[in-house]
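Here is a short walk through one protein model. Keep the sequence and the 3D view side by side as you read.

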Amino acid sequence: MKISKMNVATEDAMVFDEEHLQSRLALMRQYIARPIPKQPWDDSTPALIPFYDDDDDNNDNASGGGGGGGGIIIAGSRHASNIPLLKSMNVTAVLNCASGGIARLPVDELKECGIRYAFTNCRQDSYTYPILHEKKKVVKRPGNLERMMNGKTDSEERIICSQHLEVSNSLFSDIRRQNSTAAAGKPPGNVLFFCVAGQNRSAALAAATLMLHGKPLEGILKHCARLRPFVLENVGFQRQLVELEVIMSKLKGRDATATATTQLFRDQFSSHWEQLYQAKLAMQQSKRVRMESDDDVKLMALTDKPTSAITHSKSEREVLAGTKVEVELLIPGLCTMEVCIPRESTIPTVKKFLVKHVNDNLLRHDEHPSEVAKAWLVLAMFGYDDMYDIPLEVEAVELKVQLERIQHMFGLGARLKDGEHHVTWNERCRFALVIMSVIKIPKVPSVDNEHIDPAKRPDQVPWTFVHEERPNAPATLLQNTLRATHLRAWDFVTGESLASQLPIIFSFAEDPRDRRAFMMVSRSANTLQQFHAPGEGDILGMGENAIVHRVQLSYTRGDGRHRDEHWTRVNVGLENEEPVNKSSNKNKEDESDSSHVEDWDAAVKRPFSLGKMLVFLQNSSEAGLAKRLRLANLLNSDKRVLYFYGLGLGLSTNAYNENEYKFELMLLAKYCPNFSTYTMRVFMEEYMTVLGRVTDEAQRLSLHKMQSQFSITSVKVFLVSLLNAFRDLTLMGVQAFDFNHLNNVLVSRDYQSVRLIDIDGNAQGSINYPSLKDALTNSDRSHNPAKNPPQKPSLNVDLNILLPSVIEQLILGKGRGKSFVSNTRSEIWRAPEEEGKAIIRGILMENFYPGVENQETEGALKCKLQKHVTKVAEWFYALLKKNSPWVNWTRDIYDAMRCIDHLPIS
């Protein structure tokens, strides 16, 4: 019968009666969507929904496809990791319904126990996600030869069964067939469907699959009400289930009011349904069963068809031939995908494959099309804890260390081929592509930017994603698309992975000048993100370019032993069980990790904007310098320059829209309580504070003690430490240091030493020593000084104004204030030499030797003191006026060090 085209909304109304749907939803909610038990909650028992039971109204219908018995178990990731539990419930297959592979799922042990493992990538647990079916435009065959020759096609909108339901239905059908042919007396096998919490995705697919095999929805819900009443709180999944009930009713012809539209709908849906066992879908499903080593065996086990009868795509043939391997790719904040990559390739090649896949399948289809600009690639592996990983980025870890780590951690081999290191990847690899920025694709492509690396283009913008929590969710849904909300970090030298001991989400603002918006932090675990008063982020300091927080981190381990009661339980499995799948590599790694005597107590520096972050990541800027300092740690053996751990990766949310998130790269340095947040600026302010103006008694006593104990010797020790730190920077090849506002220098609480921070040197950068390749290529220049000038390290720091000002304040300003220093300096400059020196002597006696003139001191001792003060006054006057021998004392660091070295001390 030929049916004329109808409006989609009208057709929907004839297919789905809204009043009927609402009545079914009301009935459904009488059984399920109850509040989840309060946390912490030991979810120890999953829910088994048997295929046959006495509650079924019609067991003949329930037998649907030829018997087989068994049932489906609705469970969470913890249950899927419990092998004894699976055996006790006679589980013969498990289906992962989460957004990606559960890291610590014991896949090898499942295989040894004869339990099949499959997964379908349900990317989101959201109200609008099409977990069971969706509308799609389907291309119709051309009506005549002429249209076919011209490549013209027509399309129509159909309701299409989801691939998730296809996979779950196929797996359950296989198990039912196995049950039907099992030996007499053997109990039927069950299939365990699991997601993270065992609440929505696994429950929706389990219920839908049983419905496809003839079990009534109400009977399914009755079992859920008894065993797991909190399932299916997702109202979108609820509606899809009752819609599927209508679909099944119409497909089976039970609807007495069937119309022509219903017949059309039946034809459209059933024609798609026939594809369940076709070759392409079978291939898609077989790739999700990581159980057998032989691909043909896997394929036949799923399809019951000889492989010769299956038509493969080019990508599928490459997987079967072994030239490519399918791996899991997580795009944190969005979804998980399956991607085919060359089985043997370099790390940059893999990243190009994955970036291209994300661009082609996600970002370019967005409402505002874009492509990846700045992104990090992180490698983890199935069978290990999901925080046990390594960034495949030279900014974080040198390539040599990356190769050593992936061999040591995961057993991946690498060989040198055509001058490059090629890694042999396998199907257990789990990649995460963390996107920091994107390039917006213009309507008219620009030829100028065609060959520029997107990560270096100036027009890149921060990449943000929107996520909204559901009020009845059992835990933060954000973790489901991220794996965890902990701050991650990796050691510059060893590449070892760490994570914050508590979940942590920072805050940001689009305007980098809005400093207050960067101060909030959420440390909520297993619950919605909570942002309270600013300052709870242990803020250590804030400058023009960045804010610094204090965060404690722990080393991560492959078997998850780093986790305690504070760690989120997402992707963990059962923590009280013995770790599974322990290889020799993992044991070696655990032994090396156990040698750590302490975790990181870190000062985490977060740039205020994308531009500032990209700048500080440059090899010539702060992050690059910090890594080189760690790699050549002997140059900083005295720790006068801040000790840098490594780079970190964290999540932050918009302070004015807490549903908008982005990823940030951060620099982690060692937090030292002796220095803490005591900057040189604060020290100088306290040193020059006029005690008579301090109203707080405790503060006045503290300042009086500090000022009275700070002697001429203390002045020299302090200055020597400062200049030694500048010298260390010089030896490290740093060319510039921002000394202007004094906040880049930390002072110890005993005022004996300083520590330099914020060593970006971005104005001029560090010296770029030529590579070995350049040295060999340009060897002919080695005898030509003009072409190959010497690279002499020299530090560009403000020695002409700021350093003399610091010395003036230390000598003249103790307890007197800045205005006194300024006025006295002018007076000394205007006065004749002897009068100027006399002014200096008087101030020295008052500042460092108060009351000595009035004491009955022995004549020899007083004479010695006066001589000492005279020498200090002469030294300071020559320094101030730049007289001989200190005419050039501010020319460079070494001249300044010689000058300070001549400061007389008693």
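**A walk from helix α29 to the largest cavity**

Aspartate 895 has a relative accessible area of 8%, so it counts as buried, the cut-off being under 20%. The model is a predicted one.

Stay with this residue. The side chain of aspartate 895 forms a salt bridge with that of arginine 898, at 2.0 Å from N to O. Both residues belong to helix α29. They sit three residues apart, about one turn of the helix. An α-helix has 3.6 residues a turn, so residues three or four places apart point the same way. Arginine 898 has a relative accessible area of 45%, so this residue is partly exposed. The salt bridge thus has a buried partner in aspartate 895 and a partly exposed partner in arginine 898.

Now take in the rest of the helix. Helix α29 covers residues 893-901. Its buried residues are Ile893, Asp895, Ala896, Met897, Cys899 and Ile900. The N-terminal end of α29 is capped by aspartate 892. There, a side-chain oxygen of aspartate 892 lies 3.1 Å from the backbone nitrogen of tyrosine 894.

How many salt bridges does a search of the whole structure find? The search finds 25. One of them joins the side chains of aspartate 601 and arginine 550, at 2.7 Å from N to O. Aspartate 601 is in strand β26 (residues 600-607) and arginine 550 is in strand β25 (residues 546-555), so this pair ties together parts 51 residues apart in sequence. Is aspartate 601 buried or exposed? Its relative accessible area is 18%, so aspartate 601 is buried. Arginine 550 comes to 26%, so arginine 550 is partly exposed.

Strand β26 holds a partner in another bridge. The side chains of arginine 606 and glutamate 664 meet at 2.9 Å, N to O. Arginine 606 lies in β26, and glutamate 664 lies in strand β28 (residues 657-670). The two are 58 residues apart, and the pair links distant parts of the chain. Both arginine 606 and glutamate 664 are buried.

Turn next to strand β27, which spans residues 644-654. Threonine 653 has its place there. With a relative accessible area of 1%, threonine 653 is buried. What lies 2.9 Å from a polar atom of its side chain? The backbone oxygen of glutamate 660 does.

Strand β27 also leads to the cavities. The count is six cavities of 30 Å³ or more. The largest cavity holds about 310 Å³ of space. Its lining is made of 22 residues. The closest to its centre are Pro332, Leu482, Ala484, Arg488 and Leu649. Four elements give two or more residues to this lining: β12 (375-381), β16 (429-435), β20 (488-491) and β27. By type, the lining divides into 14 nonpolar, three polar and five charged residues.

Finish with the cysteines. How many disulfides does a search of the whole structure find? The search finds zero. Cysteine 429 has 0% relative accessibility, so cysteine 429 counts as buried. Cysteine 863 has a relative accessible area of 36%, so cysteine 863 is partly exposed. Cys899 is one of the buried residues of helix α29, and that brings the walk back to its starting helix.

Conventions: Residues are numbered from 1 along each chain as its sequence is written. This is a predicted model: local features need pLDDT of at least 70, side-chain atom pairs count only at pLDDT 80 or more; totals for chains, interfaces and linings use all residues. Side-chain values use heavy atoms; hydrogens and water are left out. Buried means under 20% relative accessible area, exposed over 50%, partly exposed in between (1.4 Å probe, protein chains only). A polar contact is a pair of N or O atoms within 3.5 Å; within protein, one must be able to donate a hydrogen and the other to accept it, and residues adjacent in sequence count only if both atoms are side-chain atoms. On a 1 Å grid over the protein atoms alone, a cavity is a set of points where a 1.4 Å probe fits but cannot get out, and a pocket is an open set with protein on both sides within 12 Å along at least five of seven lines; lining residues have an atom within 4 Å of a point. Grid points are joined across faces, edges and corners, and a volume is the space filled by probe spheres set on the points. Ala, Val, Leu, Ile, Met, Phe, Trp, Tyr, Cys and Pro count as nonpolar, Asp, Glu, Lys and Arg as charged, and the others, Gly among them, as polar. A disulfide is a pair of cysteine sulfur atoms within 2.5 Å. A salt bridge is a side-chain nitrogen of Lys or Arg within 4 Å of a carboxyl oxygen of Asp or Glu.
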